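Student: I am new to this structure. Please choose a single part and take a close look at it, along with whatever surrounds it.

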Amino acid sequence: MARPREFDREAALGNAISAFAEHGYEGTSTDQLLDAMNISRQSLYNTFGDKRQLYLEALRTYAAESMAEQMHSLNGGTPLKGIEAMLNAFILRPSKSCLGVSAVCEFGHSDPEVSMLNDTAARALRAALERRISEGKATGEIDGSIDETAAAHFLLAALSGIKVAARGGASLEALRDIMRMALRSLT
């Protein structure tokens, strides 16, 4: 009879996400993962497969959770307030490490599976931003001459910039300055 699992799988995965976000895939050793996840090597292999499979699951989970949070913020209030809430939600996060940006910086487009996960999330967020920008143009809250696609691309770049600046130790005020300039570009 198989022994029951003696750890919380979701908590262990959450700890792996944090380790990978902080140190990257290559920079996170299996021993660091085991310590962070508080599991044995055998439990890692039995539950998650190898390090790569764990990383891909961590990235999928992070992308899904991050997307849900961003959509919730983005869809609250008026279009401009929703965009502000989405940008501000990251600024106010206690942990400034982002597994998505870390994956893009580490892998670029050299790994098809990682690229597919990142590209899928980016496309969904860009489409949601385009929709909110279009809504804002219709109500007059956002400048009617703004191209929705170009503005969405710019906002995604601003969000990535905020994430990288936060990781680099930028102050809360500096991060808010970036957000304010991004919002100003829409009006």
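Tutor: One term comes up at once: two residues are in contact when heavy atoms of theirs lie within 4.5 Å. Keep in mind that this is a predicted model.

Let us choose helix 6, which covers residues 99–107. Its setting comes before its details. The chain has nine helices and zero strands. Read from the N terminus, the order is α-α-α-α-α-α-α-α-α. Along the principal axes, the C-alpha atoms fill a box of roughly 65 × 35 × 30 Å. The chain has 187 residues, and 42% of them count as buried. Take the contacts with a separation of 6 or more: 69% of them join residues 24 or more positions apart.

Now to helix 6 itself. Its buried residues are Leu-99, Gly-100, Val-101, Ser-102, Ala-103 and Phe-107. What do these buried residues pack against? Their partners are helix 1, helix 4, helix 7 (112–139) and helix 8 (148–167). Just past the end of helix 6 comes Gly-108, with a positive phi of about 55 degrees.

Start with helix 7. Asn-118 is found there. Its relative accessibility is 14%, so Asn-118 counts as buried. Which residues does Asn-118 touch, leaving aside neighbours within four places in sequence? They are Leu-59, Gly-100, Ala-103 and Val-104. Two of these names, Gly-100 and Ala-103, were among the buried residues of helix 6. From Asn-118 to Val-104 the C-alpha distance is 7.4 Å, and the sequence gap is 14 residues.

Next, look at Phe-107 of helix 6. It leads into the aromatic rings. Two rings pair if their centres lie within 6.5 Å. By that rule there are five aromatic pairs. Take Phe-20 and Tyr-55: the ring centres are 4.9 Å apart and the planes stand at 90 degrees, so this pair is edge-to-face. Phe-20 sits in helix 1 (residues 9–27) and Tyr-55 in helix 4 (residues 51–74), so the pair ties together parts 35 residues apart in sequence. Phe-20 and Tyr-55 are both buried.

The pair that reaches helix 6 is Tyr-25 with Phe-107. Why does this pair count as tilted? The planes of Tyr-25 and Phe-107 meet at 50 degrees, with the centres 6.0 Å apart, so the pair is tilted. Tyr-25 belongs to helix 1 and Phe-107 to helix 6, so parts 82 residues apart in sequence are tied together. Tyr-25 and Phe-107 are both buried. Put the four residues together: Phe-20, Tyr-25, Tyr-55 and Phe-107 form one aromatic cluster. A charge joins in here. The charged end of Lys-51 sits over the ring of Tyr-25, 4.5 Å from the ring centre.

How do helix 1 and helix 4, two partners of helix 6, meet each other? Their axes come within 9 Å and cross at roughly 100 degrees. Helix 1 and helix 4 are therefore roughly perpendicular. On the side of helix 1, Phe-20 and Tyr-25 are among the residues that take part. On the side of helix 4, the residues include Lys-51 and Tyr-55. Leu-13, Ala-16 and Ile-17 of helix 1 are in this meeting as well, with Leu-54, Ala-58 and Thr-61 among those of helix 4.

That leaves helix 8. Besides helix 6, it meets helix 5 (residues 79–91), at an angle of about 20 degrees and with the axes 10 Å apart. Helix 5 and helix 8 are therefore roughly parallel. Their crossing is right-handed. Helix 5 makes the contact through Ile-83, Met-86, Leu-87, Phe-90 and Ile-91; helix 8 does so through Leu-155, Leu-159, Ile-162, Lys-163 and Ala-166. Two of these residues form a charge and ring arrangement: Lys-163 lies over the face of Phe-90, 5.5 Å from the ring centre.

To finish, go back to the end of helix 7. Thr-139 is in that helix. Is Thr-139 buried or exposed? Thr-139 has a relative accessible area of 60%, so it is exposed. Thr-78 is 61 residues away in sequence and 9.3 Å away in space, C-alpha to C-alpha. Compare Asn-118 of helix 7, which counts as buried.

Definitions and conventions. Residues are numbered from 1 along each chain as its sequence is written. This is a predicted model: local features need pLDDT of at least 70, side-chain atom pairs count only at pLDDT 80 or more; totals for chains, interfaces and linings use all residues. Side-chain values use heavy atoms; hydrogens and water are left out. Rings of Phe, Tyr and Trp (its six-membered ring) pair if their centres lie within 6.5 Å; planes under 30 degrees apart count as stacked, over 60 as edge-to-face and the rest as tilted. Helices (H or I, at least four residues) and strands (E, at least two) are DSSP runs, numbered from the N terminus. Buried means under 20% relative accessible area, exposed over 50%, partly exposed in between (1.4 Å probe, protein chains only). A charge sits over a ring if NZ of Lys or CZ of Arg is within 6 Å of the ring centre and within 35 degrees of the ring normal. Axes are lines fitted to C-alpha atoms, for helices over the stretch in contact, and angles run from 0 to 180 degrees between N-to-C directions. Angles under 35 degrees count as roughly parallel, over 145 as roughly antiparallel, 65 to 115 as roughly perpendicular and the rest as oblique. A crossing is left-handed if the near helix is turned anticlockwise from the far one by less than a right angle, and right-handed if clockwise.
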